[in-house]
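Student: I have a model open and would like to reason through a few of its labels with you. Could we take them one at a time?
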Amino acid sequence: MKNIYLPEKAVVVQTEELGGDSTLLTMRIKDAKKQAKFTWTPGQFAEIGLFGYGEIPVGLASNPLDRKSFQVSVRGVGGFSNALRRLEKGDAVWVRGPFGNGFPIKRMHGKDVIVVGGGCGIPPLRSLVEYGIAKKDFKSITLLYGSRTKGDLLFRRDYGRWKKAGVDIRLTVDKEECECADRLAVSCSVGVVTKLLDSFKPKKNTVACLCGPPVMYRFVSKRLIELGVKQKDILLSLERRMKCGVGKCQHCTINKTYVCVDGPVFTHEELMKGYGGF
Amino acid sequence: MVKVLPKENLSVFLAELSRSYAVFAPVKRDELTRFDRYSAGDHPTLDYSTTNMPPKSLFLPHGECLVSFGGAGPSVPAADEKFVIFMNEIDAEAISILDEIFGGKFQDNYYRRMRENSVIVAVKNGVRMRNSFSDELGLKFRDGFDVLLSDVGDRYVAEARTAKGRKLLKSKFIVNGRASSKAASKTKAKKFDLKKISAFLDKGPEQKIWHELEKECFACGICAYVCPVCHCFDVEDAVRLDGGGCRTRYWDSCMLADFALVAGGANFRGKRHERIHNWYHHKFARAVAERGRPDCVGCGRCITFCPAKIKIHDRILECRK
């Protein structure tokens, strides 16, 4: 029987500095058969580990249809995440997953999808955008993405390609900096991400997918509801301490749910039902 | 005719068992009754009124090595030897709850192999555990054990519930006897209206009771450690100087301040009253919704060992309102 705590060996294929203290790791599971089967629903996460350090839950960030490798973005906030950022091509990593539910892509088929990301919450949304582009599954994709500074905007290299593929990208940063050498493929305004919603007119079938800090959820959900988006069509991907990933260890519970098994994606309606929250 | 273990045969029966199994039983050590490995000369206290630790540590050891690493690469340590453990019916009920928690869609192999390696002898003796409220919970005593020993005075009536149990009862010290005519012990009326309690807990942590409790409770986590059902855990890599080590499972407690802390500093249950509420909510609302029964067997240990002397039983009953 499968041992739920025993990780699979993977190898780092490529690393890329993304800015914002984040590194994009491209990995491949050593066992080719297992790698070929390793796919997920955008929004699902994996436990990435190094023996001697531990494991962390990270949102899978690449196109799930690409079966040759997968990517996660790691932000260096502690000893372990920084150890992951130091990895080089050829180094071993240990992977468990994918875990959780992901975005309800079946239900989103043919809909106008608005994707709202805050700071380092963008990786699982990138997976969704890449999936949407590759599958031509959604009627339209609008990406609203905000971060503190231009340098913190992740996946800058992808914006041009996404724009060409028809994604309506709107960026914003909290503070304008005069000394930012980054040239982005799309223009960037100043202000919090809710500001980008001012000029946004949702359609009847709009589905919103959010990933970012709780404070962003509060304001963005409120605004989306004001704009007429239904609570069940607002999907939020939550961050919690998902230690085991399989609903045993109890760290990630909210009300009667396990974020690692029942989530990490919940509808606004579900989250408002109990005493839960973001 | 039924199988019977005369009380005078208990020590020879245990001695015989200990030749084929590691035998664990509640024994007195330094004025405390605790679950410990039986050795010749021990007099198990099968009618214990409490033990400082529940038997869960044999199935979910604190500091269990899940994966050892270094050297030849990661490997799963071999399971321990087969063991027999004696416990009362209340503690056995708790094991049956753990069986459900660590089973299900995601089987926990470590717990499972401990259970496969174990033979549980449940002892029914009508002894009320200290601060126990098992009878008020209306426990059904499902078959979470392999052998049931019912204390009927000078002997135990022995019933095997599984093949493992039948093997155990093949001992020459188990004799044929008569069924007991002794009446079942009185049970208190079921007081715990789980529907009402659960509905109140679902209201969340901002009720008066949790803010009151916050002033009494130290949030030390003892109630979780001594609980036979509490099972939350953390996993850390314990590293040796040579770089090898063990990915290790440690007991945790949802009462502790950093339980829901994530990297980056957000703490999703940073306030004490939220953690206290979560402890009760998990046991009497979430568990009930998940598996139809609370994560509690009313053994009373959380009350007996609470350093703040919080009457947890009374607090649960307050939730009926």
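Tutor: Happy to! Domain bounds here come from an automatic or database domain assignment. Keep in mind as well that this is a predicted model.

Student: Into which domains is chain B divided?

Tutor: Domain 1 covers 2-56 + 65-177, and domain 2 covers 194-318. Taken over C-alpha atoms, their centres are 25 Å apart.

Student: What makes residues of the two domains count as being in contact?

Tutor: Their C-beta atoms, placed from the backbone, must lie within 7 Å. By that test, 30 residues of domain 1 of chain B touch 27 residues of domain 2 of chain B.

Student: Which elements give two or more residues to the domain 1 side of chain B?

Tutor: They are β4 (64-69), α2 (89-101) and α4 (134-137) of chain B. The largest share, eight residues, comes from α2(B). By class, this side of domain 1 has 16 nonpolar, eight polar and six charged residues.

Student: Now the helices: why is α7(B) called roughly perpendicular to α9(B)?

Tutor: Helix α7 (residues 208-216) and helix α9 (residues 272-291) of chain B pack at about 110 degrees, with their axes 8 Å apart. Angles of 65 to 115 degrees count as roughly perpendicular, so α7(B) is roughly perpendicular to α9(B).

Student: Which residues make that contact?

Tutor: From α7(B) come B:W210, B:H211, B:L213 and B:E214, and from α9(B) come B:R272, B:H273, B:I276 and B:H277. They divide into three nonpolar, three polar and two charged.

How values were computed
Residues numbered from 1 in each chain as written. Chains lettered and ligands numbered in written order. Predicted model: local features only at pLDDT ≥ 70, side-chain atom pairs only at ≥ 80, totals over all residues. Helix = DSSP H or I, 4+ residues; strand = E, 2+ residues; numbered from the N terminus. Nonpolar A, V, L, I, M, F, W, Y, C, P; charged D, E, K, R; others polar. Axes fitted to C-alpha atoms, helices over the stretch in contact; angles between N-to-C directions. Parallel < 35°, antiparallel > 145°, perpendicular 65-115°, else oblique.
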